[in-house]
Amino acid sequence: MAPDPQILDELRRLRARVPQLTGALATAVDEVVLAQDTPGVDPQGMAALTATTHAAAVKLADASGQGEFRELLVRGVYGYVATFSAGGGGSTAAVLTLLTQDRVNVGRLLLEGRRAAARIAELLDTQDTPAGRARQARPAAKPAAAKTTGTRTRTPRAPRTTTTTNARSTTDS
């Protein structure tokens, strides 16, 4: 499949905004590479790993009650791998994967990665790509049924008390 020029342009703009990026890859969840800018990395192999990791992250987020998957950050000795959901809904049609050096500003990486993933989702919604068709053909998500096992509640905190029972003060010698 030929790379999507608009998505490839977005990946290149992202690499310009975050200079420590060493690679960027946009894939459909079925391992189809939509666009890639990953010198020195096999895009097909990375797409397969991204799809597997995405599936595990979706299950983990669901099982832990954290809601739908949005992003995943992995830190290695030599840098980070950040994976972002490029679209909404429980069955995301595309995933953005970013590879960085270890000295990257992680806050900037997350901010720019989220923006790029949202832009890629917009592009896929308006284009005739496999991921775009999958997103358009997907029926509206049904609201989740309430679980009968109990709802999550917050445990109330005990009020903080500030007592000064220390026998020493700044005037004591």
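Start your selection at Glu31, which counts as partly exposed at 37% relative accessibility; buried means under 20% relative accessible area, exposed over 50%, and partly exposed in between, using a 1.4 Å probe and protein chains only. Before you click on, note that this is a predicted model in which local features need pLDDT of at least 70, side-chain atom pairs count only at pLDDT 80 or more, and totals for chains, interfaces and linings use all residues. Residues are numbered from 1 along each chain as its sequence is written, and side-chain values use heavy atoms, with hydrogens and water left out.

**Stop 1: the loop at Glu31**

Glu31 is found in the loop between β1 and β2. Helices (H or I, at least four residues) and strands (E, at least two) are DSSP runs, numbered from the N terminus. What is odd about the phi of Glu31? Phi is positive there, about 75°, although Glu31 is not a glycine. For background, most residues other than glycine have a negative phi.

Now pick Val29, which lies in that loop between β1 and β2 too. Val29 is partly exposed, with a relative accessible area of 35%. Draw a C-alpha to C-alpha distance from Val29 to Ala47: you should get 8.4 Å, for two residues 18 apart in sequence.

**Stop 2: the hairpin**

Select β1 and β2 together. They form a hairpin with four residues between them, and they pair in the antiparallel sense over four bridges. Two strands pair if DSSP finds at least two bridges between them. To see one of the bridges, show Ala24, whose partner in β2 is Asp37. Is β2 enclosed or open? Four of the five residues of β2 are buried, so this strand is largely enclosed by the rest of the structure.

**Stop 3: the whole sheet**

Colour the strands next. The open sheet has five of them in the order β2-β1-β5-β4-β3, with antiparallel pairing. Which strands stand at the edges? These are β2 (33-37) and β3 (71-75), each with a single partner strand, so one side of each is left without a neighbour in the sheet. Neighbouring strands are turned by 10° against each other on average, direction ignored. Axes are lines fitted to C-alpha atoms, for helices over the stretch in contact, and angles run from 0 to 180 degrees between N-to-C directions.

Zoom in on β4 (residues 79-85) and β5 (residues 94-101), which pair in the antiparallel sense over seven bridges. Ala82 stands opposite Leu98 in β5.

Stay with strand β5 and select Thr100. Thr100 is buried, with a relative accessible area of 6%. Leaving aside neighbours within four places in sequence, Thr100 is in contact (heavy atoms within 4.5 Å) with Gln20, Leu21, Thr22, Tyr78, Gly79, Tyr80 and Leu109.

**Stop 4: helices across the sheet**

Bring in helix α2 (residues 43-63). It lies across β1, β2, β3, β4 and β5, running at about 70° to β1. Then add α1, which lies across β1 (21-28), β2 and β5 and runs at about 30° to β2.

**Stop 5: α1 against α3**

Hide the strands and keep α1 (residues 5-17) and α3 (residues 106-126). Their axes come within 10 Å and cross at roughly 165°. α1 and α3 are therefore roughly antiparallel to each other, a label for angles over 145 degrees, with under 35 counting as roughly parallel, 65 to 115 as roughly perpendicular and the rest as oblique.

Which residues of α1 and α3 meet? From α1, show Gln6, Ile7, Glu10, Leu11, Arg13, Leu14 and Arg17; from α3, show Arg108, Glu112, Gly113, Ala116, Arg119, Ile120, Leu123 and Leu124.

Finish this stop on Glu112 in helix α3. Is Glu112 buried or exposed? Glu112 is buried, with a relative accessible area of 4%. Neighbours within four places in sequence aside, Glu112 is in contact with Leu14, Arg17 and Val18.

**Last stop: zoom out**

Show the full protein chain: it has four helices and five strands, in the pattern α-β-β-α-β-β-β-α-α along the sequence. Of its 173 residues, 35% count as buried. Among contacts in the protein chain with a separation of 6 or more, 52% come from residues 24 or more positions apart.
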